[in-house]
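Dear colleague,

I am handing over the structure we spoke about, with the sequence alongside. Please open both before you read on.

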Amino acid sequence: MRLKDALGYIQNCLAIANINEAALEAELLLRHALGYSTLELFLNHGLEISDKEYRSLQALLERRLSGEPLAYITGQREFYKLDFIVNSNVLIPRPESEHLVDKALELAHSVPTPIIADIGTGSGAIAIALAVNLSNSKIYAVDISPEALGVARANAARHAVASRINFIHGNLLDSVPEAVDILVANLPYVKSDDCINSPEPHMALDGGDEGLDVIERLCTALPNKLHPEGSVLLEIGSGQAVNVVRMLQSSLSAAHIETIKDLAGIERVVWGQL
């Protein structure tokens, strides 16, 4: 089978299974199976693949058709123009979370040496994206999962920022050793019933019956964890903005609070500044 025929075969299988972006996923699966770059795949479209390569490709395809996320199969995901190692111990970074990074960077530029805490760091994507773009920052990255922290440390080393991020095994704000200028958090906000069949770690998804249990616990603990004029940024799910704004108002009565919409028009980030 030639490469271009294999590509068409994979794309057709994915499309029949109603997998979004079947063409892109087919290319990524084929490149991963053969160890090719985009350019190498293009230049070698007419080459025949070996039986061994075909078996490897078929095994990857079967994993994807069984529901395993592409990022777990390839072991990587791009976030904020950086490549991150991912596996089943961490939530797969999503484009929506880049709004957290954008706003945090905007706020950090008004602070000479910003102290930042990333709560629920997972793969470390948010903390590392901030560290790469803020060479003068001090960052705490907290997660309750030691396995997730292992992935985050590997990613920090990959992007040469490990010396500027303090990784902490802990629960929410309990283990943050000092008040911070900016606190970012992509905490579990999916309703329990909606994440039962997810292949991603439930600890990183399950926010309780209404998806707000963990966010509420963090909001309650916010006083004394922010410097004067400090900011908190929370990623949220669709329809949760009103309740999360109310939580922040209750916890930080003097804060100015706004929301940020994602590209789909969903209020994706609630942020407040003292």
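Below is what was found in it, beginning with a pair of helices and then turning to the sheet.

Please keep in mind throughout that this is a predicted model.

Helix H2 (residues 22-34) packs against helix H4 (residues 51-65) with the two axes 9 Å apart and at an angle of about 135°, which makes H2 oblique to H4, and the crossing of the two is right-handed. On the H2 side the contact involves Glu25, Leu29, Leu30, His32, Ala33 and Leu34, which meet Glu53, Ser56, Leu57, Leu60, Leu61 and Arg64 of H4. Sorted by character, the residues of this contact comprise 7 nonpolar, 2 polar and 3 charged.

The sheet is an open one of 7 strands with mixed pairing, and its order reads S5-S4-S3-S6-S7-S9-S8. Strands S5 (165-169) and S8 (256-261) stand at the edges and have a single partner strand each, so one side of each is left without a neighbour in the sheet. On average, and with direction ignored, neighbouring strands of this sheet are turned by 15° against each other. Within the sheet, strand S6 (residues 180-185) and strand S7 (residues 226-235) run parallel and are joined by 5 bridges; Ile182, for its part, has Ser231 in S7 as its bridge partner.

Two helices also deserve mention here. Helix H6 (residues 98-108) lies across S6, S7, S8 and strand S9 (267-273), and runs at about 165° to S7, while helix H9 (residues 213-220) packs on the sheet by touching strand S3 (115-119), S6 and S7, with a direction that makes about 180° with that of S7.

With best wishes

Note on methods
Residues numbered from 1 in each chain as written. Predicted model: local features only at pLDDT ≥ 70, side-chain atom pairs only at ≥ 80, totals over all residues. Heavy atoms only, no water. Axes fitted to C-alpha atoms, helices over the stretch in contact; angles between N-to-C directions. Helix = DSSP H or I, 4+ residues; strand = E, 2+ residues; numbered from the N terminus. Parallel < 35°, antiparallel > 145°, perpendicular 65-115°, else oblique. Left-handed = near helix turned anticlockwise from the far one by under 90°. Contact = heavy atoms within 4.5 Å. Nonpolar A, V, L, I, M, F, W, Y, C, P; charged D, E, K, R; others polar. Pairing = 2+ DSSP bridges.
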